[in-house]
Amino acid sequence: MSSVPLSGVLVIGNFAGEIFSHIFPTHRNLATVMLPIAAGMGVAAVSAGADRFGRKPMLLFSCGGMSLSMMAMTGYYWCFASSDWVFVDKQTWEWASFVAMTLYMFFNQAGLGPLATVVATEIVDSSVRGMAMGVATMGAGLVAASTNYITLPIVDSIGYDWMFAGYALALTARCRLS
């Protein structure tokens, strides 16, 4: 369960307003509303696909899509936000980060988000399931809190591009383990 906070979903969810304020200064709220809509569409996809295709293909679909979305965000921030060598108008590519974040939220909720908790409950024996899930949830909460606490100092020191690259690598490793 601690893999869910380490997937970057909390960073996207909690800092989307700040990220979108740089991309869409006049449409920040509209852009932030699109993330939960994409997440809801992901939940609908996993609801329809988990029984049809199975959990493992849905988890691989989710991890792969999340990794590609993080790689796209890494590329966007590396090319357009962190360096000045790109000879393309930055204004015309602002939508790329928004699309990548929206797809990330869709892919997260299309597998890794909801299925991680479902699979975790089935691993543990029913006699200790309540205690085990409580401990796992507390651990995930601690990881989530620490992730949120350290995100801004990390972004200030290395930038969004390298932060997203780290999450992309972690997600790719997670996909390989699935």
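1. Let us start with N108 and its neighbours in this predicted model. Leaving aside residues up to four places away in sequence, N108 touches S7, V9, S62, M66, G113 and P114. The residue itself sits in helix α4. Is N108 buried or exposed? It counts as buried, because its relative accessibility is 1%, and the cut-off for buried is under 20%.

2. A116 is another residue of helix α4 worth a visit. It has a relative accessible area of 15%, so A116 also falls under the 20% limit and is buried. If you look for R55, you will find its C-alpha 9.8 Å from that of A116, although 61 residues separate the two in sequence.

3. Now for the way helix α4 meets helix α2. Two packed helices are described by the angle between their axes and by the distance between those axes. Here α2 covers residues 28–53 and α4 covers residues 94–123. Their axes come within 7 Å and cross at roughly 35°. As for handedness, the crossing of α2 past α4 is right-handed.

4. Which residues meet where these two helices pass? On the α2 side they are A31, M34, L35, A38, A39, M41, G42, V43, A45 and V46. Facing them from α4 are F98, M101, T102, M105, F106, Q109, A110, G111, P114 and L115. You may recognise P114 from the first point, where it was listed among the residues that N108 touches.

5. On the surface, please look at W78, Y149, I150, I154, I158 and W162, which form a nonpolar patch. Together they have about 670 Å² of accessible area. Which helix gives the patch its largest share? That is helix α5, residues 129–177, with 5 residues.

6. I154 is a good member of this patch to pick out, and it lies in helix α5. Its relative accessible area is 31%. That makes I154 partly exposed, because the value lies between the 20% limit for buried and the 50% limit for exposed. It also clears the patch requirement of over 30%.

7. Finally, step back to the whole chain. It has 5 helices and 0 strands, giving the pattern α-α-α-α-α along the sequence. Of its 178 residues, 42% count as buried. The accessible surface comes to about 9,600 Å², and 69% of that belongs to carbon and sulfur atoms. Taking contacts between residues at least 6 apart in sequence, 80% join residues at least 24 apart.

How values were computed
Residues are numbered from 1 along each chain as its sequence is written. This is a predicted model: local features need pLDDT of at least 70, side-chain atom pairs count only at pLDDT 80 or more; totals for chains, interfaces and linings use all residues. Side-chain values use heavy atoms; hydrogens and water are left out. Patches are made of residues with over 30% relative accessible area and no salt bridge: like charges are joined within 9 Å, nonpolar side chains (Val, Leu, Ile, Met, Phe, Trp, Tyr) within 5 Å. Accessible areas come from the Shrake-Rupley method with a 1.4 Å probe; for residues, only the protein chains shown count as cover. A salt bridge is a side-chain nitrogen of Lys or Arg within 4 Å of a carboxyl oxygen of Asp or Glu. Helices (H or I, at least four residues) and strands (E, at least two) are DSSP runs, numbered from the N terminus. Buried means under 20% relative accessible area, exposed over 50%, partly exposed in between (1.4 Å probe, protein chains only). Axes are lines fitted to C-alpha atoms, for helices over the stretch in contact, and angles run from 0 to 180 degrees between N-to-C directions. A crossing is left-handed if the near helix is turned anticlockwise from the far one by less than a right angle, and right-handed if clockwise. Contact means heavy atoms within 4.5 Å.
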